[in-house]
Amino acid sequence: MLRITVQAEGEEVRMKLEGDLTGTWVRELEEAWRAMRRSWSSKPAYLDLAGVTRVDDAGRYLLALIHQTGARMVSNGPAMKDLLDSIDREWPFAPQEGRGWVAAAVG
C-alpha cells in the first residue's frame, strides 16, 4: 500500500509518500504526480520519501523520471540515500538552483 499526501508549503508543493512504491502503487504515484503538476505547475515540487519502505524496479524508474523533471527528493536512512545516489549516477541531469535531491532527516 502507498499513501500519497500533497500539500503546498510556502513556495513549494510537497508530495509525501508512505509505504511501498511497488507494483500497482507505482502507477498510482505516476497519476498523482501528473495531477499535482497540473494543479501546481507554477511551484517547485519535492517528494518526501522518508516514509517509503520498499521500492521495486518500476518504482525506481518512476523516481528517476520524476528526478529528470527537476523535482527535489527528500529522504532519510541509508537505503533510500543509496537509491537516490544510484538514480543520480545513472540518470544525471544538470541541477538547477533549488532543485535536485537531498538526503536528510525529515520529521
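The paragraphs below follow the salt bridges through this predicted model.

Side chains of opposite charge can pair when their charged atoms come close. Within this structure there are 10 salt bridges, and three of the pairs are described here, beginning with one that involves the start of the chain. Arg3 and Glu18 meet through their side chains in a salt bridge, with a distance of 3.7 Å from N to O. This pair links distant parts of the chain, since Arg3 belongs to strand β1 (residues 2-9) while Glu18 belongs to strand β2 (residues 12-21), 15 residues apart. Arg3 counts as exposed because its relative accessibility is 51% and the exposed class begins over 50%, whereas Glu18, with a relative accessible area of 28%, is partly exposed.

Strand β2 also holds Asp20, which forms a salt bridge with Arg54, and here the closest N and O atoms are 3.1 Å apart. Because Arg54 lies in strand β3 (residues 45-55), the pair ties together parts of the chain that are 34 residues apart in sequence. Asp20 has a relative accessible area of 16%, and it is therefore buried, as that class covers values under 20%.

The next pair sits within a helix: Glu31 and Arg27 are both in helix α1 (residues 24-39), four residues apart, which is about one turn of the helix. Their salt bridge brings the closest N and O atoms to 3.2 Å. Both residues are partly exposed, Glu31 with a relative accessible area of 38% and Arg27 at 46% relative accessibility. Neither residue stands apart from other charged neighbours, for Arg27, Glu30, Glu31 and Arg34 are linked in a network of salt bridges.

How values were computed
Residues are numbered from 1 along each chain as its sequence is written. This is a predicted model: local features need pLDDT of at least 70, side-chain atom pairs count only at pLDDT 80 or more; totals for chains, interfaces and linings use all residues. Side-chain values use heavy atoms; hydrogens and water are left out. A salt bridge is a side-chain nitrogen of Lys or Arg within 4 Å of a carboxyl oxygen of Asp or Glu. Helices (H or I, at least four residues) and strands (E, at least two) are DSSP runs, numbered from the N terminus. Buried means under 20% relative accessible area, exposed over 50%, partly exposed in between (1.4 Å probe, protein chains only).
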